[in-house]
Amino acid sequence: MEFKFLLPSKIVMEPGLRERTGEHLRELGLARVLIVTDAGVKAAGLLDSVYTSLDKAGITFEEVSDIKANPRSEDINHAAQRYRGMGIDGLLAVGGGSAMDAAKAISLLLTHEGRIEDYEGSFTLTRAIPPIVTIPTTAGTGSEVTCFSVITDTARHYKMSVHDYRVGPVLALLDSHILDTLPASIAAATGMDALTHAIEAYTCRVANPISDGLALHAIRLISQHLKAAVQEPDNQAAREQMLVASLIAGMAFGNADVGSVHCISEAIGGMYDTPHGVGNAIFLPFVFGHNRDANIVRHAQVAYALGVDPTLAPVDAAEAAVGHLFQMSKDLGIPRFAEVKGVREDDFLTLAEKSKQNFSDASNAKAMSVEAYHDIIATAYHFVV
Ligand SMILES: [Fe+2]
């Protein structure tokens, strides 16, 4: 057996924690930070207590507040150009996966020349970068503890990954109160992203014993709490459990990998700007069904963790899990693939080719061809519940 397991982040969880952001940044020795966030987070007032706490701690800050979903390479390059040489000694990402991935990419460009496109791939960085602190405002991405940054290359309409331990956040501040105003549709999509992380981490070819334990626990937590976290906005306990579950799933896939669900979802996100969690939720049951005979025992373990009848034989449990995943998406109001904005059948071959090019294709439980991707994409398009 061979594996590495890396956890770059100190994790602190406490309701209302963002009011103490300044103290935590001071502890790290930071004096001038770049806040990276999005317009929705800012408009919701989620940053107000962060600003107050930075002022109180004597930390000065600049801010990039226009990060969009599926962050774009041109916006990253532009922000980096603006803040290079401005004495920024740390980044504070407040937002979902897009803000956190953008902060990682901007941080790396503060000490590396060129554009973010130049750093696609694994371990392409050559020097240290300013430390990244994260305050996740959704429960799904896991980006607060991973060494990945996913950025849309606008010229290629392609979601590229930068993977390097240096982009792993040094500190994740989990404040469950920040989820109080999270819209149900975002709670649903991001929660299904977290579930996909856990399932793909457990079933992929590069799983290891530590990621296995984390992944199965995350699947159990998500299957117990996601529906309530979406359908009962005042259920703080359920939303808090989802914040923990998504972080645990991030620790799992960050040290294993994801698989073909993410390959397809990222191809679709790059082409149509589809929210990442929606793309994953749509394709998770199809890929799970396609993969399951490659390792029936592991797919059955996922089924049992999802709450499928534990007395079922592994083959039957894995099959039942496919129906279970379809039902989860339906209950959470996830659209069908044919309902996704902009989708055209003429694009399916390109989508299949882009899925195959994805970094994580090789990790999928079953070897995939362009034809196999095309079949799954076409089947999902014509699928009627
Ligand atoms: Fe994801």
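**Stop 1: α4 on α5**

Start with the crossing of α4 over α5, which is right-handed. This is a predicted model. Select residues 73–83 for helix α4 and residues 97–111 for helix α5. Their axes lie 9 Å apart, and the packing angle is about 45°. Angles from 35 up to 65 degrees fall in the oblique class, so α4 counts as oblique to α5.

Now show side chains. From α4, pick Ile76, Ala79, Ala80 and Tyr83. Facing them in α5 are Ala102, Ala105, Ile106, Leu109 and Leu110. What classes of residue make up the contact of α4 with α5? The contact has 9 nonpolar residues, no polar ones and no charged ones.

**Stop 2: α5 over the strands**

Keep α5 selected. Add β2 (32–37), β4 (90–95) and β6 (132–136). Helix α5 lies across these strands. Its direction is about 165° to that of β4.

**Stop 3: the six-stranded sheet**

Widen the selection to the whole sheet. It is open and has 6 strands. Trace them in the order β1-β9-β6-β4-β2-β3. The pairing is parallel. From one strand to the next, the twist averages 20°.

Which strands stand at the edges? They are β1 (10–13) and β3 (60–64), and each pairs on one side only. Zoom in on β1. It runs parallel to β9, and 4 bridges join the two. Lysine 10 is the residue to click, with leucine 171 of β9 opposite.

**Stop 4: the three-stranded sheet**

Next, find a second open sheet, this one of 3 strands. Its order is β5-β8-β7, and the pairing is mixed. Select β5 (121–122) and β7 (148–153), the edge strands. Each has a single partner strand, so one side of each is left without a neighbour in the sheet.

Then add β8, residues 158–163. Strands β5 and β8 run parallel and are joined by 2 bridges. Click serine 122, and look across to histidine 163 in β8.

Now bring in helix α9, residues 260–272. It lies across β7 and β8. Relative to β8, helix α9 runs at about 125°.

**Stop 5: where the domains meet**

Colour by domain. The domain assignment gives domain 1 as 10–179 and domain 2 as 184–382. How far apart are the C-alpha centres of domain 1 and domain 2? They lie 25 Å apart.

Select the contact residues on both sides. There are 26 in domain 1 and 28 in domain 2. On the domain 1 side, look at β7, β8 and β9 (171–174). Each of these strands supplies at least two residues of the side that touches domain 2. By class, that side of domain 1 has 11 nonpolar, 13 polar and 2 charged residues.

**Stop 6: α6 on α8**

Finish with another helix pair. Select helix α6 (residues 184–203) and helix α8 (residues 236–254). Their axes come within 8 Å and cross at roughly 35°. Left-handed or right-handed, how does α6 pass α8? The crossing is left-handed.

Show side chains again. In α6, pick Gly191, Ala194, His197, Ala198, Glu200 and Ala201. They meet Met242, Ala245, Ser246, Ala249, Gly250, Ala252 and Phe253 in α8. The contact of α6 with α8 divides into 8 nonpolar, 4 polar and 1 charged residues.

Methods: Residues are numbered from 1 along each chain as its sequence is written. This is a predicted model: local features need pLDDT of at least 70, side-chain atom pairs count only at pLDDT 80 or more; totals for chains, interfaces and linings use all residues. Two strands pair if DSSP finds at least two bridges between them. Two residues are in contact if their C-beta atoms, placed from the backbone, lie within 7 Å. Axes are lines fitted to C-alpha atoms, for helices over the stretch in contact, and angles run from 0 to 180 degrees between N-to-C directions. Domain bounds come from an automatic or database domain assignment. Ala, Val, Leu, Ile, Met, Phe, Trp, Tyr, Cys and Pro count as nonpolar, Asp, Glu, Lys and Arg as charged, and the others, Gly among them, as polar. Angles under 35 degrees count as roughly parallel, over 145 as roughly antiparallel, 65 to 115 as roughly perpendicular and the rest as oblique. A crossing is left-handed if the near helix is turned anticlockwise from the far one by less than a right angle, and right-handed if clockwise.
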